[in-house]
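Welcome, and thanks for taking a look at this one with us. Please open the sequence and the structure side by side before reading on.

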Amino acid sequence: MPLALLGASTVHAQTAAPAAGVVEPAAMDAMDKMSAKLIALPGFALKADVTTEVVLDTGQKLQFTGALDIQVHKPDAFKIVATSDIQNREYYFGGGKFTVLAPRLNYYASVPVTGSIGQSLDSLRTTYGIELPLADLFTWGTDQTLRSRIKSGYVIRPETIDGRTCTHYAFRQEKVDWQIWIEDSSQLPCKMVITDTNDPSMPQYSALMRWDGSARPSAADLAFTAPAGANPIRMVDLSKGEAK
């Protein structure tokens, strides 16, 4: 029997999903507590092992692994270092500008972006088409529409992840299914899996997280300094109808 079928049988035996459209109060309560914890953090450092699925034209899925090193100074600065065997990128926000650096190629592009972290993420998405990894964690709890978008949500069970006891929850909303494991002791997320249900092949993105909630990086710590010999390039502005 294929391994996938063996795995699916095991999971089915351990869980029973509620009826469609049911949102369990316990699941939403856990989300509220996690939101409150994230909002209360004045800053943090987070490392994550991530897996991205790519679907070929043949329908075959490939998985690529990578790592994230994220540092946040609230409300107005962050640095994200994303590394993998196929692509490395560094993202900086603070001091009124956003910069993306390709360290292997030694190219970087900076654009003016002002306001809070949440405002910068909105601007980057709409003006430049940039979606940053795990960026939802920067503003989780401040988006009041999240609750209304959830179509179902339920508690699965406590599980052990990296030696931590983390309770597993599953949620559905339009175009996206997502799972989250929240550490019982810290109320911070241990792991997330996001499934794009808008794509028939339903590719997934997963992140296994390790937090340093005591970290307090300063805005100066996260400021961008161009490496020696780095070449500035221009970032495409989609709001002006420029080709991507």
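Here is a short tour of charged pairs, strand pairing and two polar side chains.

The model is predicted, so please read every distance below as a computed value. Across the whole structure, a search finds nine salt bridges. Three of the topics below concern such charged pairs, and the others turn to strands and to Thr58 and Ser84.

**A salt bridge between two helices**

- Asp32 and Arg147 meet through their side chains in a salt bridge, with 2.4 Å from N to O.
- Asp32 belongs to helix 2 (residues 25–40) and Arg147 to helix 5 (residues 146–149), so this pair ties together parts that lie 115 residues apart in sequence.
- Asp32 is partly exposed, its relative accessible area being 35%.
- Arg147 also counts as partly exposed, at 46% relative accessibility.

**A salt bridge within one helix**

- A salt bridge brings the side chains of Asp122 and Arg125 together, at 3.0 Å from N to O.
- Both residues sit in helix 3 (residues 117–128); because Asp122 and Arg125 are three residues apart there, about one helical turn separates them.
- Asp122 has a relative accessible area of 43%, which makes this residue partly exposed.
- Arg125 is partly exposed as well, with a value of 34%.

**Arg172 with Asp177, and a network elsewhere**

- Is each partner of this salt bridge buried or partly exposed? Arg172 counts as partly exposed at 46% relative accessibility, whereas Asp177 counts as buried at 19%.
- The 19% of Asp177 falls under the 20% cut-off, and therefore Asp177 is classed as buried.
- The closest N and O atoms of Arg172 and Asp177 are 2.8 Å apart.
- Elsewhere, Asp122, Arg125 and Glu131 are joined into one network by salt bridges that share partners.

**Strands 9, 10 and 11**

- Strand 9 (residues 176–183) and strand 10 (residues 189–196) run antiparallel and are joined by seven bridges.
- Within this pairing, Val176 stands opposite Asp196 of strand 10.
- How many residues lie between the two strands of this hairpin? There are five between strand 9 and strand 10, and Gln187 in the turn has a positive phi of about 65 degrees.
- Strand 10 also pairs with strand 11 (residues 204–212), in the antiparallel sense and over five bridges.
- Here Val193 stands opposite Ser206 of strand 11.
- As a reminder while you look at these strands, side chains in a regular strand alternate between the two faces of the sheet.

**Thr58, in a loop**

- Thr58 is found in the loop between strand 1 (43–55) and strand 2 (61–73).
- Thr58 is exposed, with a relative accessible area of 68%.
- A polar atom of the Thr58 side chain lies 3.3 Å from the backbone nitrogen of Gln60.
- From Thr58 to Ile39 there are 19 residues in sequence and 43 Å in space, C-alpha to C-alpha.

**Ser84, in a strand**

- Ser84 has its place in strand 3 (residues 77–84).
- The side chain of Ser84 has a polar atom 2.9 Å from the backbone oxygen of Gln87.
- Leaving aside residues up to four places away in sequence, Ser84 touches Thr65, Gly66 and Arg104.

Terms used:
Residues numbered from 1 in each chain as written. Predicted model: local features only at pLDDT ≥ 70, side-chain atom pairs only at ≥ 80, totals over all residues. Heavy atoms only, no water. Salt bridge = Lys/Arg side-chain N within 4 Å of Asp/Glu carboxyl O. Helix = DSSP H or I, 4+ residues; strand = E, 2+ residues; numbered from the N terminus. Buried < 20%, exposed > 50% of the residue type's maximum accessible area, 1.4 Å probe, protein only. Pairing = 2+ DSSP bridges. Polar contact = N/O pair within 3.5 Å; in protein donor to acceptor, adjacent residues only side chain to side chain. Contact = heavy atoms within 4.5 Å.
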